[in-house]
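Student: Got a minute to go through this one with me? I'd like to start with how the helices pack.
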Amino acid sequence: MASIPLLLMGCGGVGRQLLHHVISCRPLHSQQGVRLRVVGVCDSKSMVAIPDVLTSEFRDDFLLQLCEIKSNGSSFLDLTKTGECQVYSGEEIGRKVIDVATALSSSSGLALIDCSASSETIGLLSQVINLDGCVVLANKKPLTSPLEYYDKLVSQPRRLRHESTGYPFLNAHVALLYKVGAGLPVIATINRMLSSGDPINRIIGSLSGTLGYVMSEVEGGRPFSEVVTSAKKLGFTEPDPRDDLGGMDVARKALILARLLGHRIELDSIKVESLYPEKMGPANIPLDEFLANGLPLLDEAIQKRIESAASNGNVLRYVCLIEESRCEVGLQEVSKDSALGRLQGSDNVVEIYSRCYSKQPLVIQGAGAGNDTTAVGVLADILDIQDMFRHSPSAA
Ligand SMILES: NC(=O)C1=CN([C@@H]2O[C@H](COP(=O)(O)OP(=O)(O)OC[C@H]3O[C@@H](n4cnc5c(N)ncnc54)[C@H](OP(=O)(O)O)[C@@H]3O)[C@@H](O)[C@H]2O)C=CC1
Ligand SMILES: N[C@@H](CC=O)C(=O)O
């Protein structure tokens, strides 16, 4: 039996869905000989942890209670200290995460799952890796931090394993798994190609579930502002949809891919087209005001661009291009009959050109956003690292 102690950072749309999946997949995991033991959960202000992380875990009904607390917009701080959990806040949180990782470092190690949208988790992630832990990310920000921090996060292999899994990072005791298209196996595919000596020279794709959905729905006649609001409700957008509409979320995905291809670049070297003016940015107006008053002001301009593309027989797609030193993201007119033009809804498509795939690209397509798809992808990543937890003393 592999017993994997999980500490979840972020209990929003994706984090809660992950906890629901962990619970509903118990019978399946039991057949597979895996036990996922949730030992701690935190949000931006608080953390609940099990007192004895070496042997115990939260009961499933307590995990559901935590999900309910967050769905209702309440805080874990409302939970009083009980025998079931300890509650931490402020700076205690980081210290407690390290305590947990340290306690587990002499046995199985901790699996730290980052389902936050914070750029501040990178320090903790690196420290957990230094404590022989594993890291699974839904959060893209740590991997798009300056190279100095990125290198620390991705380049600290410990004990090598003998089997090749196809993920280069999995050849070490430290596992680092992440995604660029919700649950799509883009990173795994690229890693397989690179490690088998098939150099990739061009990636082009539509990497935003939100922007894919927005473009195809506006084409269908709905106002831009209404569609963005639906995308937020459907769980496609980032916590602040301006991250999607301003192109930064796609730029982060592009950077993750570009760095994987070996390009030593920073986020600010990517050319990014924003769909809203700077005066509507987070530095200038709060999110609520943007959603209520800013968005409708953008309807006409987007509609006109879509109509202009249609008059040329084309459609608009928000495209990511990585080719040699070029890395850019922005709106492009594309033919309706192309892989990009045929995209509908929140699907992503990624076309990869390499030595072997030089005339016809290798194409990966599928749902690119949504709490459910993303949580399933995170869960699959956790299961991918189960072998590292198989021989721990605490394994049943
Ligand atoms: N939805 C999707 O389709 C996809 C999402 N992702 C990524 O998944 C991540 C989560 O997205 P989503 O669930 O929609 O976001 P939400 O805003 O719904 O949830 C974010 C959670 O993170 C918590 N949080 C914020 N800062 C910290 C911190 N420093 N430490 C611990 N927790 C923190 C928030 O706390 P609080 O509740 O207190 O605000 C909240 O619980 C994002 O990084 C997103 O980019 C990736 C692929 C697809
Ligand atoms: N907001 C993102 C979610 C996945 O990364 C998107 O719309 O693609």
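Tutor: Sure. The axes of H1 and H3 come within 10 Å and cross at roughly 160 degrees. Helices here are DSSP runs of H or I with at least four residues, strands are E runs of at least two, and both are numbered from the N terminus. Axes are lines fitted to C-alpha atoms, for helices over the stretch in contact, with angles from 0 to 180 degrees between N-to-C directions.

Student: So is H1 roughly parallel or antiparallel to H3?

Tutor: That angle makes H1 roughly antiparallel to H3. The cut-offs are under 35 degrees for roughly parallel, over 145 for roughly antiparallel, 65 to 115 for roughly perpendicular, and oblique for the rest. H1 passes H3 in a left-handed crossing, meaning the near helix is turned anticlockwise from the far one by less than a right angle; clockwise would be right-handed.

Student: Before we go on, is this predicted, and how's the numbering done?

Tutor: It's a predicted model: local features need pLDDT of at least 70, side-chain atom pairs count only at pLDDT 80 or more, and totals for chains, interfaces and linings use all residues. Residues are numbered from 1 along each chain as its sequence is written, while chains are lettered from A and ligands numbered from 1 in the order in which they are written.

Student: Ok, which residues of H1 and H3 meet?

Tutor: From H1 you have Arg16, Leu19, His20 and Ile23, and they meet Asp60, Leu63, Cys67, Lys70 and Ser71 in H3. Contact means C-beta atoms, placed from the backbone, within 7 Å. By class, that contact has four nonpolar, two polar and three charged residues. Nonpolar covers Ala, Val, Leu, Ile, Met, Phe, Trp, Tyr, Cys and Pro, charged covers Asp, Glu, Lys and Arg, and the others, Gly among them, are polar.

Student: How far apart are the end C-alpha atoms of H3?

Tutor: They are 16 Å apart, which agrees with the 16 Å expected for its twelve residues (60–71) at 1.5 Å a residue. The expected span is 1.5 Å times one less than the number of residues. Just after H3, Gly73 takes a positive phi of about 80 degrees.

Student: And what's the angle between H1 and H14?

Tutor: About 60 degrees, with the axes 8 Å apart. H1 and H14 are therefore oblique to each other, and H1 passes H14 in a right-handed crossing. Residues making the contact include Gly13, Val14 and Gln17 of H1 and Asn371, Asp372 and Thr374 of H14. The classes there are seven nonpolar, five polar and one charged.

Student: Switching to ligands: how many residues surround ligand 1?

Tutor: 31 residues do, and the closest are Gly10, Gly12, Asp43, Ser116 and Pro239. The elements giving two or more residues to that shell are H1 (13–24) and H14 (371–384), and H1 gives the most, with three. Near means a C-beta atom, placed from the backbone, within 6 Å of the molecule or strand. The shell divides into eleven nonpolar, 14 polar and six charged residues.

Student: What about ligand 2, which residues are closest?

Tutor: Ser208, Gly209, Thr210, Glu238 and Ala369 are the closest of the eleven around ligand 2. By class, the shell around ligand 2 has three nonpolar, five polar and three charged residues.

Key. Two residues are in contact if their C-beta atoms, placed from the backbone, lie within 7 Å.
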